[in-house]
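Biologist: Can you walk me through this model? Short answers, please.

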Amino acid sequence: MIEGTKLQKNILKWPKRYKVLLVGIIAILITNLMYVTGGSRTSVAQLFHIPIVLSTYFWRTRGGVISAIVFGILAGPLMPLNVEEGIMQTPTNWVVRLVVFAIVATFSGHVFDQIDRLHSEIREKDLTNPFTGLYNRNKFYIDATNNISKGRLFTVFTIKLINIDSIGKYVDPALVEKLINQLIRDLKLMHENLELYSYSDDEFILIKYPECNSIGFIEDLISKYATYFKIDDFEVRLPMKVGVYEYLGGNESPSKILDKARIAYEQAKEREYGIFYYNDKIEEEVKETFEIAASLPDAIKEKELFLVYQPKINLKDDSVEGVEILSRWNRGNRKPVGPNVFIRIAEEIGLIKDITHFVVEHAFNQISKWESKDIKINYSFNVTARELLDVDFIEWAEKLIETFNLERTNIEIELTERVLCEEGDKLTSVLKYLRKLGYKISVDDFGTGYNSLTTISEIPFDILKIDRYFINRLDRLEVREMIKSVISFAHRLDKIVVAEGIETKDQLDCIKKLGCDMAQGYYFSKPLLPEDFEQYLYG
Ligand code: C2E
Ligand code: MG
Ligand code: MG
């Protein structure tokens with residue numbers, strides 16, 4: 001079947017002269033055969049139906065009818081009825097045959113037209129996204145191939161809708177279709193000469209040619225949809241990240257061009273929207289991410305992960321109040337990768353649970369060893385919101401804490417500020433429950449998530465960790481003022497404030513003056529292996 005289709009396509013692609021030659025040779029052979037077998041009285045004339053149908057196949061009804069007339073004349077007035085006796089045909093005789101030939105050509109032409117129509121319907125379906133009704137990426141490949149072969153330059157935009165899934169899940173599934181339709185309408189209104197395609201239900205591809213005006217319309221679109229707007233009584237926003245790749249000629253395949261535009265928006269941090277341009281460095285980073293994702297399962301199995309402990313200092317008496325437990329990956333000769341990278345990848349590929357199981361088990365083991373040596377400090381664990389929302393994980397950790405017989409009040413759970421408000425009420429009730437059990441809750445990296453102090457105060461927590469970003473900017477008056485008001489607000493709520501990333505004596509003096517309770521940073525110590533931490537503690 002596939003072979004047959006290939007053959008058909010090859011014949012149809014022949015140059016016109018080859019097709020004419022083929023039909024001509026067949027017709028000449030039949031005419032000769034007709035003549036040598038005695039003329040038109042034999043049924044050899046029926047064989048002319050072959051080149052007629054072939055002509056219709058090549059050139060549809062018009063070509064078929066022309067062939068029918070030519071062959072009707074060849075087998076008609078020019079062909080004797082009986083060659084031996086030299087009797088010619090009567091006009092009725094050959095005209096009737098010519099008409100029959102023409103009918104066969106018209107009929108087969110009609111059949112081929114129907115087949116063509118069916119083919120183009122199927123092709124159209126193959127090229128259309130059923131959800132958006134737009135052309136899909138296959139059509140993009142066809143159009144891009146045409147542009148490349150004509151040497152036409154173009155820019156590809158990929159528009160990824162960041163939160164459309166969440167709108168469907170948490171707001172109203174019916175809203176998704178309306179929003180997508182509104183967006184398509186806007187895109188078409190903003191730019192008339194636009195080639196628009198659906199990559200998937202939540203991603204679009206756009207081709208822009210150099211002669212069309214600037215890309216300002218994309219910027220307008222992004223900012224229009226990034227702010228809240230009303231639709232069907234709902235207030236929603238539709239942030240999007242747009243990847244841009246400019247094809248400047250040369251030997252690149254359409255799929256590579258599309259990949260580059262899609263890789264470009266991978267530069268966006270979590271939930272970040274805006275325009276992102278392709279450069280070769282990103283491709284390198286994406287390759288690295290793939291390598292990390294591929295080797296992470298083995299890292300867990302092969303025990304390449306290990307833990308380090310960074311001291312947290314109480315600023316009232318300079319004592320070691322506790323440690324923050326941080327993961328490390330021993331990658332041998334391969335490029336080192338820090339936890340902020342591999343934890344994010346582990347979350348994306350669904351391995352974070354295995355990593356946290358490893359961290360909790362190993363840390364509990366270490367804590368019980370230190371408890372048996374009478375070391376009494378607090379222990380901070382970094383966890384992701386997803387784990388806290390997982391009932392199985394909490395049950396598992398609770399059983400483990402009982403097995404190791406550890407005090408819950410010595411354990412702090414650090415959650416980065418960015419996720420706290422996004423995850424909403426469910427997370428709040430889990431945090432309340434954990435606090436009731438005795439655990440302490442810490443808001444990590446405070447200041448990086450754009451939450452106001454008022455929103456943070458609605459979340460049940462005990463400790464606020466001011467992010468290193470602000471500690472690095474303590475020389476600015478407005479930063480010092482901001483930290484001062486954060487500390488006094490936190491103290492009014494009876495919370496403890498920790499400064500992260502203290503590297504210099506000046507920074508330490510400054511945060512002490514501002515009233516901070518605790519500090520952590522390279523000035524005191526880098527994260528340490530257990531035996532080094534013991535030395536630090538006693539040294
Ligand atoms: P974090 O929880 O805010 O941890 C503090 C980070 O700042 C650590 O980076 C620490 O090594 C670094 N740091 C501490 N003091 C200084 C300083 O004075 N200067 C500088 N430049 N850096 C300092 P690290 O270990 O690379 O961890 C990065 C992030 O990865 C952590 O940020 C945490 O969010 C996450 N993480 C680390 N281990 C785990 C883990 O086991 N599970 C989870 N879910 N996240 C983890
Ligand atoms: Mg932390
Ligand atoms: Mg932090």
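Modeller: Sure, we will go through the domains, the metal ions, the ligand and the cysteines. Keep in mind that this is a predicted model.

Biologist: Into which domains is the protein chain divided?

Modeller: Domain 1 covers 6–126, domain 2 covers 135–278 and domain 3 covers 305–538.

Biologist: What separates the centres of domain 1 and domain 2?

Modeller: Their centres are 51 Å apart, taken over C-alpha atoms.

Biologist: On to the metals. Which residues are the protein donors of the magnesium ion (ligand 2)?

Modeller: E324 and E414 each give an OE atom, N382 gives OD1, and D444 gives an OD atom. These donors lie 2.0 to 2.2 Å from the ion.

Biologist: How are those donors spaced along the chain?

Modeller: The spacing is E-x57-N-x31-E-x29-D. E324 sits in strand 12 (residues 320–329), while E414 sits in strand 14 (residues 411–416). So the pair ties together parts that are 90 residues apart in sequence.

Biologist: Are E324 and E414 buried or exposed?

Modeller: Both are buried.

Biologist: And which residues coordinate the magnesium ion (ligand 3)?

Modeller: D444 and D445 do, each through an OD atom, and E500 appears twice through OE atoms. The distances run from 2.0 to 2.6 Å. In sequence, the donor residues follow the pattern D-D-x54-E.

Biologist: D444 came up for ligand 2 as well. What does D444 do between the two ions?

Modeller: D444 bridges them. The magnesium ion (ligand 2) and the magnesium ion (ligand 3) lie 4.1 Å apart, and D444 coordinates both.

Biologist: Why do you call D444 and D445 buried?

Modeller: Buried means under 20% relative accessible area. D444 has 6%, so D444 counts as buried. D445 has 16%, so D445 passes too.

Biologist: Let's switch to ligand 1. How many residues surround ligand 1?

Modeller: There are 23. The closest are E324, S327, D444, E503 and Y522. You have met E324 and D444 already, as donors to the magnesium ion (ligand 2).

Biologist: Which polar atoms lie by its oxygen and nitrogen atoms?

Modeller: Here are three contacts. Q310 has a polar side-chain atom 3.1 Å from a nitrogen atom of ligand 1. In the side chain of R328, an N or O atom is 2.8 Å from an oxygen atom of ligand 1. Y522 uses its backbone: a polar atom there is 2.8 Å from an oxygen atom of ligand 1.

Biologist: How much of ligand 1 does the protein bury?

Modeller: The protein buries 84% of it. That is out of the 790 Å² that ligand 1 exposes when taken alone.

Biologist: Which elements give two or more residues to the shell around ligand 1?

Modeller: They are strand 12, helix 11 (339–349) and strand 15 (440–446). Strand 12 provides the largest share, 4 residues.

Biologist: New topic. How many disulfides does the structure hold?

Modeller: The structure holds 0 disulfides.

Biologist: What about C510, then: how far is the nearest cysteine sulfur?

Modeller: The nearest one belongs to C516, and it is 9.9 Å away. Likewise, C516 is in no disulfide, and its nearest cysteine sulfur is that of C510. A disulfide needs the two sulfur atoms within 2.5 Å, so a pair at a distance of 9.9 Å does not count.

Biologist: Are C510 and C516 buried or exposed?

Modeller: C510 is buried, with a relative accessible area of 15%. C516 is buried as well, at 7%.

Methods. Residues numbered from 1 in each chain as written. Chains lettered and ligands numbered in written order. Predicted model: local features only at pLDDT ≥ 70, side-chain atom pairs only at ≥ 80, totals over all residues. Heavy atoms only, no water. Donors = N, O, S within 2.8 Å, 3.2 Å for Na, K, Ca; no water. Buried < 20%, exposed > 50% of the residue type's maximum accessible area, 1.4 Å probe, protein only. Domains from an automatic or database assignment. Near = heavy atom within 4 Å. Polar contact = N/O pair within 3.5 Å; in protein donor to acceptor, adjacent residues only side chain to side chain. Areas by Shrake-Rupley, 256 points an atom, 1.4 Å probe, with all protein chains shown as cover.
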